[in-house]
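Have a look at the model below before reading on. The notes that follow walk through its sheets, a helix and some charged pairs.

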Amino acid sequence: MSSHRHHDVLIVGGGNAGISLAAKLRRDRCRDVAVVDPKQTHEYRPLLSWVAGGFATLDDLRRPQADVIPDGVRWYPDRVVAIEPERSLVRLAGGEEITCTDLVVCPGSQVDWDAIPGSEAAVATPYASTSYLPEHAPDTWTMLSSLTSGRAVFAISDRHVPCAPVGLKPLFLAADHWRATGVLGDVEIELLVEADRLVDLDRADRELRAAAEDFGVRVRTATTVESVDASSRTLRVRSAGGSEDLHYDALYLAPPHRAPGWVAESGLDAPGSDGFVAVDPHTLQHVAYPTVWGLGDVATVDALPSGGALRKQAPVVAHNIAARRTGKPVRRYDGYSIGPVTTSRTHLLLAEFDRDRRPEPTVAFPDLVRPRRSTFLFDRYVEPQVYWHRLLTGHVS
């Protein structure tokens, strides 16, 4: 027998998007907010790339989920199995059914191992890894730091990867380590990027290509990994010139991602989107169900998914939920996103841009596209504190 509850705003997903939005709604005096998320541990996921580069541990990015749920917000530590958007009803694995006045869908995305056959088996070996799953991030640094010769391949997909440029961090952190330990000349570094550039901002792309050239990295854009053979440590790679096999001694993957299966099963997905939530990319309102909203990695916002993008998206959703009810003008999200990428073990650049690849810097001075030690230190040590103490407490605007 199922139980039934009702909330004013129900948020599916308790990561960065869900918690920061819940806190923002509470600060805006929404009295009845609930969050559904089965995880008992909250993770500041941008630090995973630092774990993969030897600059952080998993303990640095984890806190109990109960500690970050905003005061006054009801938490359902359960898994969503279905949504009936016509009824604004959410079904949980434990049997509960919850209805709401407005429903926000932001459960994030998941690694899609099936998109690259053999990739899941590969990362189960000591010769391949990824920073996109917490259980593998420490193994990434173990693999890279222990390599003293051979070929290191870094493969960055552009199929729904959260902040794909951040996948370059382990490359540059490892390359600088190899230089410092005197083995860089013995390591052949291949960078395979599925997109046509390293980041969607021209100046930042040039900076990253220059850094790659300095380390002797062979950069190949518009290149897709089709499959991995873990036993022979071989990639099947496709580019404009055709397909070829590429051997690796160390393989880093920023793998394709997909939406949770229940999104498409519930009829919330956009055609041809691989199951991602169909929202107006400007208002973040569902295109068919006006009381349903989407943000974060699971939403089709026509922009690079990133943690920094949520700083802009959460206030838009919070405002527009109220605007829908009162008839006030809506706010619009312009596709802002950010890619913080290290260029060495001391410097980092910030690429900030909108969905049209136009620069959108947070500050006019200094020029943060230029790699700096100050931005390196800010991204690694200051930004996590901003996340825990400001973003997750609703201080977004």
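In which sense do S10 and strand S17 pair, and over how many bridges? This is a predicted model, and in it S10 and S17 (residues 250–254) run parallel, joined over 2 bridges. One of the contacts to look at is Ala-128, whose bridge partner in S17 is Leu-251. The pair belongs to an open sheet of 5 strands with parallel pairing, in the order S10-S17-S11-S12-S13. S10 (128–129) and S13 (218–220) are its edge strands, each pairing on one side only.

Then there's an antiparallel open sheet, made of 3 strands in the order S14-S15-S16. Its edges are S14 (224–229) and S16 (242–247), each with a partner on one side only. From one strand to the next the twist averages 25°. Strand S15 (residues 234–239) pairs with S16 over 6 bridges, in the antiparallel sense, and Thr-234 has His-247 of S16 as its bridge partner.

Now for the hairpins. Strands S6 (residues 80–84) and S7 (residues 89–92) are antiparallel and share 4 bridges, with Glu-84 opposite Leu-89 of S7. There are 4 residues between these strands, and Ser-88 in this hairpin has a positive phi near 50°. S7 also runs antiparallel to S8 (residues 97–105), to which 3 bridges join it. Leu-89 turns up again here, standing opposite Thr-99 in S8. The hairpin of S7 and S8 has 4 residues between its strands too, and Gly-95 in the turn takes a positive phi of about 105°.

Helix H5 (residues 137–146) is worth a look from end to end. Ala-137, Thr-140, Trp-141, Met-143 and Leu-144 are its buried residues. They sit on the same side of H5 because they cover an arc of only 165° around the axis. Thr-142 and Ser-146 are exposed on the other side. What do the buried residues of H5 pack against? Their partners are helix H2 (48–52), S10, strand S11 (150–156), helix H6 (169–180) and S17.

On to the charges. The whole structure holds 29 salt bridges. Here are some of them:

| Pair | N to O distance |
|---|---|
| Asp-28 and Lys-24 | 3.8 Å |
| Asp-60 and Arg-380 | 3.4 Å |
| Asp-205 and Arg-209 | 2.8 Å |

In the first row, Asp-28 is partly exposed at 42% relative accessible area, while Lys-24 counts as buried at 16%.

Asp-60 forms a salt bridge with Arg-380. Asp-60 is in the loop between H2 and strand S4 (62–64) and Arg-380 is in helix H10 (residues 373–389), so their pairing ties together parts 320 residues apart in sequence. Asp-60 is partly exposed at 36%, and Arg-380 is buried at 8%.

Asp-205 and Arg-209 are 4 residues apart in helix H7 (residues 202–214), which means about one helical turn separates them. Asp-205 is buried at 9%, whereas Arg-209 is partly exposed at 32%. Elsewhere, salt bridges link Asp-196, Arg-197, Asp-200, Asp-202 and Arg-357 in a network.

Finally, Asp-112 sits in the loop between strand S9 (110–111) and helix H4 (119–123). How far away is the nearest side chain of opposite charge? It is Arg-258, at 4.1 Å, and the buried Asp-112 has no salt bridge. Leaving aside residues up to four places away in sequence, Asp-112 touches Pro-256, His-257 and Arg-258.

Technical notes: Residues are numbered from 1 along each chain as its sequence is written. This is a predicted model: local features need pLDDT of at least 70, side-chain atom pairs count only at pLDDT 80 or more; totals for chains, interfaces and linings use all residues. Side-chain values use heavy atoms; hydrogens and water are left out. Two strands pair if DSSP finds at least two bridges between them. Axes are lines fitted to C-alpha atoms, for helices over the stretch in contact, and angles run from 0 to 180 degrees between N-to-C directions. Buried means under 20% relative accessible area, exposed over 50%, partly exposed in between (1.4 Å probe, protein chains only). Lys and Arg count as positive and Asp and Glu as negative; His and the chain ends are not counted. A salt bridge is a side-chain nitrogen of Lys or Arg within 4 Å of a carboxyl oxygen of Asp or Glu. Contact means heavy atoms within 4.5 Å. The arc is that of the directions from the helix axis to the C-beta atoms.
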